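Visitor: Please take me on a close, unhurried look at a single part of this structure. I would also like to follow the thread from there into its surroundings.

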Amino acid sequence: MTALDLPDIKHVTSQLFLKDTFDRFCFIEGEIVTFNTFRIDGYVQKDFFDTDTELPEYSYWKNVREYCLMLIKGKRTPLSFRLVLSLSPKNIQNLVEQNSPSFKTGDIQGLYLNITFDGSHLSCVTGTSFKTFTLDKSLEHMWDEMVQTFLKKQNIVFEQK
């Protein structure tokens with residue numbers, strides 16, 4: 001787990017809400033506080049769809065981003081927001097196969113980005129969750145490094161807390 005301050009709030013929120021930078025991440029949950037508190041569960045309600053095709057467990061950020069943008073758009077800055085994103089199952093599998101074959105993809109619950117804005121500060125905390133107990137922290141460290149590399153590629157400035 002790594003905690004990062006994101007000092008350029010305008011740039012990061014632009015990458016988050018206006019561009020496709022985070023679109024390939026799964027959206028786990030979020031809360032946006034403006035004139036009301038809006039809580040969004042990213043779990044896909046499969047009964048809503050008339051399809052026989054396999055649906056993901058969670059929505060991708062690209063499918064929720066515009067709705068969240070509508071909630072924060074306007075003259076006033078949101079009082080706060082909290083978004084939980086996860087690396088997609090396919091990308092978790094790729095990461096494990098390429099870098100840590102000792103792990104089984106099925107044992108990994110998720111690799112998370114917790115993005116929080118408290119009204120004046122924006123931060124990101126990485127997280128890992130396993131379905132089984134392990135003392136091996138190699139995947140956690142790999143995820144932390146991968147997030148920092150991703151942010152650098154997107155020209156997102158961060159400072160480690």
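Guide: Happy to! Let us begin at the second largest pocket, whose lining divides by class into 6 nonpolar, 4 polar and 2 charged residues. Here Ala, Val, Leu, Ile, Met, Phe, Trp, Tyr, Cys and Pro count as nonpolar, Asp, Glu, Lys and Arg as charged, and the others, Gly among them, as polar. Please keep in mind that this is a predicted model, in which local features need pLDDT of at least 70 and side-chain atom pairs count only at pLDDT 80 or more, while totals for chains, interfaces and linings use all residues. Residues are numbered from 1 along each chain as its sequence is written, and side-chain values use heavy atoms, with hydrogens and water left out.

The pocket has a volume of about 220 Å³. A pocket is an open set of points on a 1 Å grid over the protein atoms alone, with protein on both sides within 12 Å along at least five of seven lines; a cavity is a set where a 1.4 Å probe fits but cannot get out, and lining residues have an atom within 4 Å of a point. Grid points are joined across faces, edges and corners, and a volume is the space filled by probe spheres set on the points.

Which residues line the second largest pocket? They are Thr21, Arg24, Phe25, Leu87, Asn91, Trp143, Met146, Val147, Thr149, Phe150, Lys153 and Gln154. Helix 4, residues 138-153, makes the biggest contribution to this lining, with 6 residues. Helices (H or I, at least four residues) and strands (E, at least two) are DSSP runs, numbered from the N terminus.

Helix 4 deserves a longer stop. Its 16 residues should span 22 Å at 1.5 Å a residue, and its end C-alpha atoms are indeed 22 Å apart; the expected span is 1.5 Å times one less than the number of residues. Buried residues in helix 4 are Leu139, Glu140, Met142, Trp143, Asp144, Val147, Gln148, Phe150 and Leu151. Buried means under 20% relative accessible area, exposed over 50%, and partly exposed in between, with a 1.4 Å probe and protein chains only. The cover over these buried residues includes strand 1 (3-5), helix 3, strand 5, strand 6 (122-130) and strand 7 (159-160); what counts is contact, meaning heavy atoms within 4.5 Å.

Just past the end of helix 4 comes asparagine 155. This residue has a positive phi of about 60 degrees although it is not a glycine. Asparagine 155 sits in the loop between helix 4 and strand 7, and its relative accessibility of 59% makes it count as exposed.

Now let us follow helix 4 inward. The largest nonpolar core has 37 residues, and Leu16, Phe17, Phe22, Trp61, Phe81, Leu85 and Leu151 touch the most other members. Such a core is a set of buried Ala, Val, Leu, Ile, Met, Phe, Trp, Tyr and Cys residues joined through side-chain atoms within 4.5 Å. Two or more residues of this core come from each of helix 1 (9-17), strand 2, helix 2 (61-72), strand 4 (80-86), helix 3, strand 5, strand 6 and helix 4. Helix 4 gives the most, with 6 residues.

Leu151 also appears in the lining of the largest cavity, together with Leu6, Val12, Phe22, Ile115, Cys124 and Ile156. That lining has 7 nonpolar residues, with no polar and no charged ones. The cavity has a volume of about 40 Å³, and a search of the whole structure finds 1 cavity of 30 Å³ or more.

Helix 1 holds another of those well-connected core members, Leu16. Leaving out residues up to four places away in sequence, Leu16 touches Phe22, Trp61, Arg65, Phe81, Leu83, Leu85 and Ile115. Val12, Thr13, Ser14, Gln15, Leu16 and Phe17 are buried in helix 1, and the buried residues of this helix pack against helix 2, strand 4, strand 5 and strand 6.

Our last stop is valine 84, in strand 4. With 9% relative accessibility, valine 84 counts as buried. Not counting residues up to four places away in sequence, it touches Cys26, Phe27, Ile28, Glu29, Tyr112, Leu113 and Asn114. Its C-alpha atom is separated by 9.6 Å from that of cysteine 124, 40 residues apart along the chain.
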